Amino acid sequence: MAAIQVETIEQSKEHLSLPTTESSSTTPGKEVVSLSAVGLSYGDGKQQREILRDVHLQIVEGEFVCVLGASGSGKTSLLRMIAGYEQPTAGQIKLFGRPHLGPDRQVGVVFQHANLFPWLNVRGNVEFGLRMQGIRKVLRRERAADAIERVGLAHAAKLMPHQLSGGMKQRVAIARSMVTEPELMLMDEPFAALDAITREALQVQVRELWQQSGKTALFITHDVDEALFLGDRIIVMGGSPGGIATEMRSPLGHRTVNLSETRSANGYAKVRDQLIQLLKQES
């Protein structure tokens with residue numbers, strides 16, 4: 001698709017000097033997500049609109065994959081198919097080695113808007129999925145309390161959604177998805193509507209939660225800095241119809257300690273600029 005060449009992880013690392021911590025995905029695991037020649041279209045005949053074409057993607061256990069692309073590149077459509085909310089019109093999707101035919105309990109989803117139940121408090125919202133699974137009350141309360149504490153909201157467990165800030169609502173949404181212990185977490189630009197300070201705090205928190213859990217994550221974003229900070233692997237989407245333009249292993253290697261040190265590292269600006277230029281060419 002694009003003429004620009006994004007450096008491989010080995011090339012990029014030569015230009016980066018970064019403080020690091022251990023990552024939970026240093027060794028590739030079994031395949032969790034597999035897309036083979038996947039396409040998505042709406043309508044028929046002359047009214048047909050092709051959204052995605054010939055998408056090939058594999059994600060293995062323990063990876064944190066960021067899908068980066070401009071608006072309209074098909075990022076959310078890709079996530080919705082992996083979540084089972086939409087079916088591809090071409091190709092095949094497999095989750096955990098099985099044909100993927102619909103929503104799966106092993107998959108948690110966090111959207112841009114928290115979509116909390118307004119009649120339930122924080123604890124009630126986090127418990128909801130467990131209740132639907134028939135988990136008994138005592139265990140449900142224990143698991144919900146643990147998830148709420150892990151996202152830093154133990155003090156707010158009894159608050160109602162209208163009493164929460166935007167960042168707090170997204171923390172509840174993350175806890176609600178995490179509490180059911182899914183093997184795969186899908187996140188669709190969950191911090192896009194938040195202010196910069198809150199967004200950065202949640203980026204760090206999500207990274208820490210991923211490290212602790214060792215689970216697999218697919219994170220949709222249009223923010224290059226966010227993708228570079230969070231992702232083990234970055235998938236760049238573009239074109240019309242949408243597809244994968246390129247992908248790269250994160251030049252940061254293991255997860256870095258904080259955002260300011262990451263962004264001030266030697267060579268970071270060069271990799272960032274390469275990705276921005278690629279996005280411009282693909283938009």
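Let's start in the middle of a sheet: strand 3 (residues 64-68) runs beside strand 9 (residues 233-238), and the two pair in the parallel sense over four bridges. If you want a spot to look for, find cysteine 66, which sits opposite isoleucine 234 of strand 9. Keep in mind that this is a predicted model.

**The six-stranded sheet**

Zoom out from that pair and you get six strands in an open sheet, ordered 6-7-8-3-9-10, with mixed pairing. Strand 6 (107-110) and strand 10 (243-249) are at the edges with a single partner strand each, so one side of each has no neighbour in the sheet. From one strand to the next, the twist averages 20°.

Here are some of the strand pairs you can trace on the screen, with a pair of facing residues for each.

| Strands | Sense | Bridges | Residues standing opposite |
|---|---|---|---|
| Strand 3 and strand 9 | parallel | four | cysteine 66 and isoleucine 234 |
| Strand 6 and strand 7 | parallel | four | valine 107 and leucine 184 |
| Strand 7 and strand 8 | parallel | five | aspartate 188 and isoleucine 220 |
| Strand 4 and strand 5 | antiparallel | two | lysine 94 and proline 99 |

Now take a look at strand 7 (184-188). How many of its residues are buried? Five of the five are, so strand 7 is largely enclosed by the rest of the structure. In a regular strand, side chains alternate between the two faces of the sheet. In strand 7, Leu184, Leu186 and Asp188 point one way, while Met185 and Met187 point the other way.

**Helices 5 and 6**

Helix 5 (residues 166-178) lies across strand 6 and strand 7, and it runs at about 170° to strand 6. Helix 5 also has a helix partner. To describe two packed helices, you give the angle between their axes and the distance between the axes. For helix 5 and helix 6 (residues 196-213), the axes come within 11 Å and cross at roughly 15°. That angle is under 35 degrees, so helix 5 counts as roughly parallel to helix 6. The crossing is right-handed.

Which residues make the contact? Helix 5 brings Gly167, Gln170, Arg171, Ile174 and Met178, and helix 6 brings Thr198, Ala201, Leu202, Gln205, Val206 and Leu209. Sorted by class, that contact has six nonpolar, four polar and one charged residues.

One more residue to find is alanine 145, in helix 4 (residues 137-150). Is alanine 145 buried, exposed or partly exposed? Its relative accessibility is 43%, so it counts as partly exposed. Alanine 145 and alanine 175 are 30 residues apart in sequence, and their C-alpha atoms are 9.6 Å apart in space.

**The four-stranded sheet**

There's another open sheet to find, made of four strands in the order 2-1-4-5 with antiparallel pairing. Strand 2 (49-60) and strand 5 (98-99) are its edge strands, and each pairs on one side only. Helix 2 (residues 75-83) packs on this sheet, touching strand 1 (31-42), strand 2 and strand 4, and its direction makes about 120° with that of strand 1.

**The whole protein**

Stepping back, the protein has nine helices and ten strands. Buried residues account for 51% of its 283 residues. Among contacts between residues at least 6 apart in sequence, 74% join residues at least 24 apart.

Conventions: Residues are numbered from 1 along each chain as its sequence is written. This is a predicted model: local features need pLDDT of at least 70, side-chain atom pairs count only at pLDDT 80 or more; totals for chains, interfaces and linings use all residues. Side-chain values use heavy atoms; hydrogens and water are left out. Two strands pair if DSSP finds at least two bridges between them. Axes are lines fitted to C-alpha atoms, for helices over the stretch in contact, and angles run from 0 to 180 degrees between N-to-C directions. Contact means heavy atoms within 4.5 Å. Angles under 35 degrees count as roughly parallel, over 145 as roughly antiparallel, 65 to 115 as roughly perpendicular and the rest as oblique. A crossing is left-handed if the near helix is turned anticlockwise from the far one by less than a right angle, and right-handed if clockwise. Ala, Val, Leu, Ile, Met, Phe, Trp, Tyr, Cys and Pro count as nonpolar, Asp, Glu, Lys and Arg as charged, and the others, Gly among them, as polar. Buried means under 20% relative accessible area, exposed over 50%, partly exposed in between (1.4 Å probe, protein chains only).
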